[in-house]
There are 2 protein chains.
Amino acid sequence: MCSLPGSRKPLLRVAVTGGTHGNEMCGVYLARYWLQNPGELQRPSFSAMPVLANPAATAACRRYIDRDLNRTFTLTFLGSTATPDDPYEVKRAQELNQLLGPKGTCQAFDFILDLHNTTANTGACLISEVSQNPFNLHLCHYLQLQNPGLPCRLFQFEPPGTESYSMDSVSKNGISLELGPQPQGVLRAELFSQMRAMVASILDFIELFNQGMEFPAFEMEVYKNLGSVDFPRTTDGHLTGTVHSRLQMGKLGGGALQGWRGPAQPASVYFLETAEPNPASGPAPDTAIRGGLETPPEHPPVGFTNIQTKSPAQEEKPQPGIRREDRRRSRREVLRTGHGCMLKSEVCC
Amino acid sequence: MCSLPGSRKPLLRVAVTGGTHGNEMCGVYLARYWLQNPGELQRPSFSAMPVLANPAATAACRRYIDRDLNRTFTLTFLGSTATPDDPYEVKRAQELNQLLGPKGTCQAFDFILDLHNTTANTGACLISEVSQNPFNLHLCHYLQLQNPGLPCRLFQFEPPGTESYSMDSVSKNGISLELGPQPQGVLRAELFSQMRAMVASILDFIELFNQGMEFPAFEMEVYKNLGSVDFPRTTDGHLTGTVHSRLQMGKLGGGALQGWRGPAQPASVYFLETAEPNPASGPAPDTAIRGGLETPPEHPPVGFTNIQTKSPAQEEKPQPGIRREDRRRSRREVLRTGHGCMLKSEVCC
């Protein structure tokens, strides 16, 4: 019997993957380190395997070479007949599927932890593709209890299609850890240490689960994506506006764009082409973050687009220009409650 | 007669170049904007020409394609016979030399302003290659007076060889504007607006100079590079340590490295390979910033390496672990006084 997401079987085959995006440096350097020093990933009941997921992109210090590896783990790509002209990441996804999968089978690894960085001020954010996955809910809850000073949020990501495509979808269960802000291609000591400590805590949690520890039921906040709105662009695809600097200082997950003509005004859109504020064709100011996560007002915003980075100091500043209806909308739609039912592995049942 | 650096002739042929590094987005988007809207660069006595310096690297959102364009404007590269196999940036440097030079001749543009971003927390920093260039000293002084709330420092860069190689060295006089922190490939509204305003001020200063305004003598601080020390690396070139997180919070321009084994300790070096602190082979903690600028203690550090970024809030925190001798050394060696003799163009003399 497989230990699929709903299963309570111990997780004995675990992998930690870094460098899935080759310019997200904490995972790149941690994977390299663990490949030389695997002892840090050992626990009494299992030894996690370190994997440098995209070595060519890592060597080039780029997100990917031919296509995004973290969008390539679909059964279509994984099952296609290999040809010499395949994109590099398709070949690499097939190799990783052989190593850690095959996806969707009983031979697949029990758990993949995939490590990422972002320029956005996410802090620590776990991304789970499996809806209301009790193991992942408890894992995040455990990290929150272990690190009360470091906010750790759970983002429940639902792929736009019907099929998962991420690195961690190859294993029976998995999760991604996103840590920011850190510029691409840059290694910050503080984030490196944070990620290293969080991986250790995650492996500790798996060990406790494997030992049969009982984790009592609880409820927690879970974040979801309410939608994506692109930046305004020229026909060539170049931006004609960017996130307003007042928004980057605020606490709100909603958005506003600043164009490049005319004075900066809060919660307004200015477009290069028309030189007029708020043309009818522009997106509404309250929906202008691509990939952003709407959050309850008491939490700082969690955004995944490159221009969402905010420093903690910036988050403390007031945001007088944000429209009231944006705030209400954010409050209403943000929260989903995760029901973490009692969790206990079968090993001691 | 040419208006070479020491000359007082009006500057009538001026260029503003962005995207010399293709992933430094403020200059990229400003150049694109001005190419469509050149009026913003016009002044009564001249019209500055906008140039997107490295379009291929910009399209790829990379620093460069084959080699760093901003290291390619030497007479050797510019004078070499073109072949189809030339690196892209060598071809492009020769094109730009035809457009804005030829370098070292009377036909060259009078002034090039080259726009850059960095992940480091430089704030606004002007980089001048010409030693004690009175025009550039007055230009920086003017910006300081115009923008008292925005620190603007002048870094006097002396190329390691005898020959200049930067984009702005093609014209008779020139300067680079470095603005940070901003992740590569990311456009921040605040920095975009700052750079746009600073370019406007620089063109205003040139216009005042051309009109014959007299700028009285003054003295100012000028920064210089005291040396470069590489990170500790493996034989493969991978880092084995990074700048200590306590240094990124401190006000000191000196440095310390944090390795990836053992607890983080201030002003100490830890290396992966030995798992011991401060091996004899390691660099001294006080010289561990590559490309960093030593600054007087009352100023925040100005660093050009990717892992020097600090937020303003971080700079306000104490730095108890920095050794006293590092501070003293920083104090002694940092300051160079720029003598800005009275400046007035010949047009009204």
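Two exercises with worked solutions follow, on helix packing in chain A and on a sheet in chain B.

This is a predicted model, in which local features need pLDDT of at least 70, side-chain atom pairs count only at pLDDT 80 or more, and totals for chains, interfaces and linings use all residues. Residues are numbered from 1 along each chain as its sequence is written, chains are lettered from A and ligands numbered from 1 in the order in which they are written, and side-chain values use heavy atoms, with hydrogens and water left out.

**Exercise 1.** Determine how the axes of α1(A) and α6(A) cross.

*Solution.* Helices (H or I, at least four residues) and strands (E, at least two) are DSSP runs, numbered from the N terminus. Axes are lines fitted to C-alpha atoms, for helices over the stretch in contact, and angles run from 0 to 180 degrees between N-to-C directions. The axes of α1 (residues 25-36) and α6 (residues 189-210) of chain A come within 10 Å and cross at roughly 60 degrees. α1(A) is therefore oblique to α6(A), given that angles under 35 degrees count as roughly parallel, over 145 as roughly antiparallel, 65 to 115 as roughly perpendicular and the rest as oblique.

**Exercise 2.** Establish the strand order of the six-stranded open sheet in chain B, and which strands form its edges.

*Solution.* Two strands pair if DSSP finds at least two bridges between them. The order is β4-β1-β5-β8-β6-β7, with mixed pairing. The edge strands of chain B are β4 (49-52) and β7 (152-156), each pairing on one side only. Within the sheet, β5 (residues 111-117) and β8 (residues 173-180) of chain B pair in the parallel sense over seven bridges, and Phe111(B) stands opposite Asn173(B) in β8(B).
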